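User: I am new to this structure and would like a close look at one part, the place where the ligand sits. Please describe what surrounds it, and then set that place beside the other open and enclosed spaces.

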Amino acid sequence: MPVRHQEKDRAVVVAGVGGWVPPNVVTNDDLCARLDTSDEWIRTRTGISTRHVISPGMATSDLAVEAARRALASAGDPEIGAVVLATTTPDRLCPATAPDVAARLGLVGVPAFDISAVCAGFLYGLATAAGLIAHGTARQVLLIGADAFTTLIDAKDRSTAVIFADGAGAVVLRAGQAGELGAVGPVVLGSDGRFADLIEVPAGGSRQRSRNGSYEPGDEFFRMAGRDTFRQAVKWMSTASRHAVEAAGWRLEDIDRFAAHQANARILKAVADELAVPAGRRLSNISRVGNTGAASIPLLLAQAAEDGGLVEGHRILLTAFGGGLSWGAATLTWPRLPAA
Ligand code: UT7
């Protein structure tokens, strides 16, 4: 497990947070009307009751812009030097979606690019943003996780259609000191491409295009081998979490709030139990928003900050897992936000 050593005392600091979900709510009963499933199965096997879904014509950039505006306002509208967008559902295959998002936020001219690490994208973005700040490319970075996952899902596939949903979350990051409120600890990341087939969209990439461009019906949709993914998710989120806590010089008992990628309530319970994080310290919004991919962690932080689940000084453990396979974890002390 690679651990990045930070220069002593320097850290990237969270200066603002925001989240947004589209207004259209889909309940389990709505899904039962068109799928062979039940409210009871979905709630007990995934922990999800409702999720938010984009309206026809909307795209990931629309979600990203809304979340970004809220994060920028919460940070007191600082000058942004780079925009990083983690997503699996870019508006188009090419170009990246981040430059469009940046332009719509009035940030023409700043570096802007997408990160592709599926549900671990926000933590990969966190490490990338920290690097941009450490190397002087930007003083402040806007990091967004946004996914319109329902555009990738086969509406007839009950094993994915009940889980994945749409949303966005964003943070503003700035240079700071390791001891201050808002400081992010070393970001631990990992991958295992031997299991790339567990989570995939088979069509649309260079392998399929170089053959003859045609593909089997259904290959354009997201597929997941649920049970195997479940096992890998528990293993790697637990392992990465231990490494991140150790790299930060914390102990597991120090964790005030556990903020994991909201993949499945049973996965979250298994990881938190494995790490012995008490039930009252586990943040969760999966029952309301489902699995929102790269948006999951920043959306959870934004909603928890809003409803009082997170307060200044809380020591938070973040962890995520997704296709690739890719995973990550990091620690964070919750900041005092200018516009909170
Ligand atoms: O976000 C990043 C990565 N994603 C994850 O980490 C998600 C990982 N996986 C999961 O969350 C779970 O594996 C699922 C929610 C996808 C599935 O739950 P499970 O408890 O692992 O179920 P299963 O795949 O083992 O299937 C159990 C049964 C099967 O029926 P049989 O073969 O036992 O007759 C499925 O066909 O449940 C059936 N099933 C359903 N039944 C009703 C699968 N989906 C549904 C459904 N409604 N929506």
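Analyst: What follows begins at the ligand, moves outward to the pockets and the cavity, and ends with some features of the backbone. Please keep in mind throughout that this is a predicted model.

The ligand has 24 residues around it, and among these Thr37, Arg227, His261, Asn264 and Asn291 come nearest. If those residues are sorted by class, the shell around the ligand consists of 11 nonpolar, 8 polar and 5 charged residues. Several helices take part in this shell, since at least two of its residues come from each of helix H2 (39-46), helix H6 (158-161), helix H8 (226-247) and helix H9 (265-274). Of the contributing elements, H8 gives the most, with 5 residues in the shell around the ligand.

Some contacts can be described atom by atom. An oxygen atom of the ligand has a polar side-chain atom of Asn291 at 2.7 Å, and a polar side-chain atom of Arg266 is found 3.0 Å from an oxygen atom of the ligand. On the side of nitrogen, a ligand nitrogen atom lies 3.4 Å from an N or O atom in the side chain of Trp41. Taken on its own, the ligand has 940 Å² of accessible area, and the protein covers 77% of that area.

The space that the ligand takes is the second largest pocket, which holds about 580 Å³ of space. Its lining is made up of 28 residues, and those that lie nearest the centre of this second largest pocket are Ile163, Met224, Gly226, Arg227 and Asn264. Two or more lining residues are supplied by each of H2, H6, H8, H9 and strand E12 (315-322). Here, too, H8 gives the most, with 5 residues in the lining of the second largest pocket. By class, this lining divides into 13 nonpolar, 10 polar and 5 charged residues. Arg227 and Asn264 therefore deserve a second look when you turn the model, for they are named among the residues that come nearest the ligand, where a residue counts as near if one of its heavy atoms lies within 4 Å, and they are also named among those nearest the centre of the second largest pocket.

The largest pocket is another space, with a volume of about 1,000 Å³. It is lined by 33 residues, and Leu93, Val201, Ala203, Gly204 and Gly205 are the ones nearest its centre. The elements that give two or more residues to this lining are strand E5 (112-115), strand E9 (199-200) and helix H7 (206-211). The lining of the largest pocket comprises 13 nonpolar, 12 polar and 8 charged residues.

As for enclosed space, the structure holds 1 cavity of 30 Å³ or more, and the volume of the largest cavity is about 30 Å³. This cavity is lined by Val14, Phe122, Leu126, Val171, Val184, Leu301, Leu318 and Leu332. In that lining there are 8 nonpolar residues, with no polar and no charged ones.

Finally, the backbone has some features worth finding in the model. Most peptide bonds are trans, and most residues other than glycine have a negative phi. The peptide bond from Cys94 to Pro95, however, is cis, with omega near 5 degrees, and Pro95 belongs to the loop between strand E4 (82-86) and helix H4 (98-104). Gly324 and Leu325 are likewise joined by a cis peptide bond, with an omega of about -15 degrees, and Leu325 is placed in the loop between E12 and strand E13 (326-333). Val118, which is not a glycine, has a positive phi of about 45 degrees, and its place is the loop between E5 and helix H5 (121-134).

Key: Residues are numbered from 1 along each chain as its sequence is written. This is a predicted model: local features need pLDDT of at least 70, side-chain atom pairs count only at pLDDT 80 or more; totals for chains, interfaces and linings use all residues. Side-chain values use heavy atoms; hydrogens and water are left out. A polar contact is a pair of N or O atoms within 3.5 Å; within protein, one must be able to donate a hydrogen and the other to accept it, and residues adjacent in sequence count only if both atoms are side-chain atoms. Accessible areas come from the Shrake-Rupley method with a 1.4 Å probe; for residues, only the protein chains shown count as cover. On a 1 Å grid over the protein atoms alone, a cavity is a set of points where a 1.4 Å probe fits but cannot get out, and a pocket is an open set with protein on both sides within 12 Å along at least five of seven lines; lining residues have an atom within 4 Å of a point. A molecule sits in a cavity or pocket if more than half of its atoms lie within 2 Å of its grid points. Helices (H or I, at least four residues) and strands (E, at least two) are DSSP runs, numbered from the N terminus. Ala, Val, Leu, Ile, Met, Phe, Trp, Tyr, Cys and Pro count as nonpolar, Asp, Glu, Lys and Arg as charged, and the others, Gly among them, as polar. Grid points are joined across faces, edges and corners, and a volume is the space filled by probe spheres set on the points.
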